[in-house]
Amino acid sequence: MADLGNPKHTIEIIQKYQFAFQKKFGQNFLIDTHVLEKIIGAAGVTKEDLVLEIGPGIGTMTQYLAEAARQVIAVEIDTNLIPILKETLAGYENVIVMNQDILKVDIGKLAEEYNGGRPIKVVANLPYYITTPIIMGLFESHVPIDNITVMVQKEVADRMQVGPGSKDYGALSLAVQYYAEPYIVANVPPNCFIPRPNVGSAVIRLTRHQKPPVEAEDEKLMFRLIRASFNQRRKTLQNGLNNSPEIPYTKEQIAAAIESLGVSPSVRGEALTVAQFAELANWFSGLEIEK
Ligand code: SAM
């Protein structure tokens, strides 16, 4: 079986099928065997695993995953890639290709059907235009997941990983860190792809917490508090929450909630950890108010 990690083979396939890259689908195909091996290694894929691959492209990483995993389900939106995948994955009996938009797939159902509801691994060189909805969708829908190991835009990987005190810290950092432990596996330059993207990339592994560091009784409320704090990130937390139409509490209640954290009344939202946002949400959940 041709190893598509070799750029020569990728070019041959693209020419044979006269494949036209579609920018709107974020198509940048990996052509670096070291990076491919690193991704599979970081995901810790074993012969026990069901792996969901989002956007297999011409099947480069899919071949590596098929070698390492028990079963691979690869979801690809671009119909023009389906005949190519048929050829490049012909030698693998443990791969199912689905021609669908990943944002419309019921992944929980796949995990149930193909993995008996046990946690799956998600591995992908993601289409960058939908990185956040894909990752947040996976977490928020509470699909059983072991880890998500993905190539994303470098800046986005940094935002997922940083803690309070950095200018990159924001709603995405908090959301990711509530659900998972992020770890940047490698930085990947544009010349590892065909065609070359205009931005640097990084592989990040998000290992799902068995339990969040602090559990929010009402996750939706916690995320409303996070959004309200970061919508006005230069304001104090008190003012950010007072001014937000999403937050129904009085000035006094907000002040008392902030005080309960044992932080300064003039603290900014960007100084709080995810555990503190969860505590804040739990304080409000304890109030009996009309929303
Ligand atoms: N995995 C391949 C590789 O590493 O060479 C291709 C990665 S490329 C960055 C992203 C892939 O995701 C493309 O094949 C693209 O067509 C596919 N894609 C884009 N949007 C998608 C969506 N909504 N659902 C499923 N696949 C999608």
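What volume does the largest cavity have? It has a volume of about 350 Å³. The views below come from a predicted model, in which local features need pLDDT of at least 70, side-chain atom pairs count only at pLDDT 80 or more, and totals for chains, interfaces and linings use all residues. Residues are numbered from 1 along each chain as its sequence is written, and side-chain values use heavy atoms, with hydrogens and water left out.

**View 1. The largest cavity and its lining.** A cavity is a set of points, on a 1 Å grid over the protein atoms alone, where a 1.4 Å probe fits but cannot get out. Lining residues have an atom within 4 Å of a point. Grid points are joined across faces, edges and corners, and a volume is the space filled by probe spheres set on the points. The largest cavity is lined by 29 residues, and Gly55, Pro56, Gly57, Glu76 and Asn125 are the closest to its centre. Strand S1 (29-30), strand S2 (50-54) and helix H3 (60-68) each give two or more residues to this lining. Helices (H or I, at least four residues) and strands (E, at least two) are DSSP runs, numbered from the N terminus. The lining of the largest cavity has 17 nonpolar, nine polar and three charged residues. Here Ala, Val, Leu, Ile, Met, Phe, Trp, Tyr, Cys and Pro count as nonpolar, Asp, Glu, Lys and Arg as charged, and the others, Gly among them, as polar.

**View 2. The second largest cavity.** Its volume is about 30 Å³. Leu50, Val51, Leu52, Ile73, Leu110, Ala111 and Ile120 form the lining. S2 and helix H5 (107-115) each supply two or more of these residues. S2 has the largest share, three residues. By class, the lining holds seven nonpolar, no polar and no charged residues.

**View 3. The largest pocket.** A pocket is an open set of points with protein on both sides within 12 Å along at least five of seven lines. The largest pocket holds about 280 Å³ of space. It is lined by 13 residues, with Lys23, Gly26, Gln27, Asn28 and Pro197 nearest its centre. The lining divides into six nonpolar, five polar and two charged residues.

**View 4. Strand S6 and its two partners, S5 and S9.** Strand S6 (residues 145-153) is mostly covered, with seven of its nine residues buried (under 20% relative accessible area, 1.4 Å probe, protein chains only). Strands pair if DSSP finds at least two bridges between them. S6 pairs with strand S5 (residues 120-125) in the parallel sense over six bridges. Val123 has Thr149 of S6 as its bridge partner. S5, helix H6 (residues 131-140) and S6 make a right-handed β-α-β unit: with the strands pointing away from the viewer, the path from the first strand over the helix to the second runs clockwise. Strand S9 (residues 201-208) runs antiparallel to S6, joined by seven bridges. Val150 is bridged to Ile204 in S9.

**View 5. Helix H8 under cover.** Eight of the nine residues of H8 (residues 171-179) are buried. Among them are Leu172, Leu174, Tyr178 and Tyr179. The cover over the buried residues includes H6, helix H7 (154-161), S9 and helix H12 (274-285), by contacts of heavy atoms within 4.5 Å.

**View 6. Val72 in strand S3.** S3 spans residues 71-75. Val72 is buried, with a relative accessible area of 0%. Not counting residues up to four places away in sequence, Val72 touches Val51, Glu53, Thr62, Leu65, Ala66, Asn94, Val95 and Ile96.

Definitions and conventions:
Buried means under 20% relative accessible area, exposed over 50%, partly exposed in between (1.4 Å probe, protein chains only).
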